[in-house]
Amino acid sequence: MTGPLLVVDDDADLREALEEVLRDAGYSVTGAINGKHALDVLGDMSALPVLVLLDMMMPVLDGAGFARAMRQVPAWRDIPVLVFSASANARQVAEEIGACGHLRKPVDVDTLLDAVRRHQAA
């Protein structure tokens, strides 16, 4: 089985729905409410996530700020990030932060699971 996933989104309903879908698919999942919280969660995880699913528009610390901060920590630098955003320029944003891919909100469950399988670390 694969390592844990980290889902970062300030929308509690969406985050919890994504977590449930991923758990039902057999993944271990941890959630965070914004980028600052996600950095704290990363520091507390016993096993690093194999993939971060990252919303871009969040209070406190947005997705881009989180990605920049995460890349500054050598142990976290290579964790793949999959952006999910309602923005029309989701692809551009994903490229700018060095994400491995992007999904448009609302996220289709099958598309989500396929993307997670493709992008998680080996």
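Begin by selecting strand β4 (residues 81-85). Because 5 of the 5 residues of β4 are buried, the strand is largely enclosed by the rest of the structure. Buried here means under 20% relative accessible area, exposed means over 50%, and partly exposed lies in between (1.4 Å probe, protein chains only). Strands (E, at least two residues) and helices (H or I, at least four) are DSSP runs, numbered from the N terminus.

The model is predicted: local features need pLDDT of at least 70, side-chain atom pairs count only at pLDDT 80 or more, and totals for chains, interfaces and linings use all residues. Residues are numbered from 1 along each chain as its sequence is written, and side-chain values use heavy atoms, with hydrogens and water left out.

**Strands β4 and β3**

Display the side chains of β4. Val81, Val83 and Ser85 point one way, Leu82 and Phe84 point the other way, and all are buried. In a regular strand the side chains alternate between the two faces of the sheet.

Next, add strand β3 (51-55). The strands β3 and β4 run parallel and are joined by 4 bridges; two strands pair if DSSP finds at least two bridges between them. To locate the pairing, select Leu54, which stands opposite Val83 in β4.

**The loop after β3**

Continue to Met56, in the loop between β3 and α3 (63-71). Is Met56 buried or exposed? Met56 is buried, with a relative accessible area of 7%. A distance label from Met56 to Asp40 shows their C-alpha atoms separated by 17 Å, with the two positions 16 residues apart along the chain.

Val60 lies in the loop between β3 and α3. Val60 has a phi near 70°, a positive value in a residue other than glycine. Most residues other than glycine have a negative phi, and most peptide bonds are trans. With a relative accessible area of 65%, Val60 is exposed.

**Strand β1 and the loop that follows**

Move to strand β1 (5-8). From β1, Leu5 and Val7 point one way and Leu6 and Val8 the other way, and all are buried. Strand β2 (residues 29-32) runs parallel to β1, and 4 bridges join the two. Select Leu6 together with Thr30, its bridge partner in β2.

Asp10 is found in the loop between β1 and α1 (12-24). Asp10 is partly exposed, with a relative accessible area of 35%. Which residues gather with Asp10 in a patch of negative charge on the surface? They are Asp11, Asp13 and Glu16. Such patches are made of residues with over 30% relative accessible area and no salt bridge, like charges being joined within 9 Å and nonpolar side chains (Val, Leu, Ile, Met, Phe, Trp, Tyr) within 5 Å.

**Salt bridges**

The structure holds 6 salt bridges, each a side-chain nitrogen of Lys or Arg within 4 Å of a carboxyl oxygen of Asp or Glu.

Select Asp9 and Lys105, whose side chains meet in a salt bridge (3.0 Å, N to O). This pair links distant parts of the chain, 96 residues apart: Asp9 is in the loop between β1 and α1, and Lys105 is in the loop between β5 and α5. Asp9 counts as buried, at 0% relative accessibility.

Within helix α1, select Arg15 and Glu19, which form a salt bridge (3.8 Å, N to O). Because they are 4 residues apart in the helix, Arg15 and Glu19 are separated by about one helical turn. Both are buried.

In helix α5, select Arg118 and Asp114, which are 4 residues apart, about one turn of the helix. Their closest N and O atoms are 2.4 Å apart in a salt bridge. Arg118 counts as exposed, at 52% relative accessibility, whereas Asp114 counts as partly exposed, at 34%. Elsewhere, salt bridges that share partners join Asp9, Asp55 and Lys105 into one network.

**Final selections**

Select the peptide bond between Lys105 and Pro106: the bond is cis, with omega about -5°. Pro106 lies in the loop between β5 (101-104) and α5 (109-119).

Finish at Ala94, in helix α4 (residues 90-96). Ala94 is buried, with a relative accessible area of 3%. Its C-alpha atom is separated by 14 Å from that of Ile79, 15 residues apart along the chain.

Terms used
Accessible areas come from the Shrake-Rupley method with a 1.4 Å probe; for residues, only the protein chains shown count as cover. Lys and Arg count as positive and Asp and Glu as negative; His and the chain ends are not counted. The place of a charge is taken as NZ of Lys, CZ of Arg, CG of Asp or CD of Glu.
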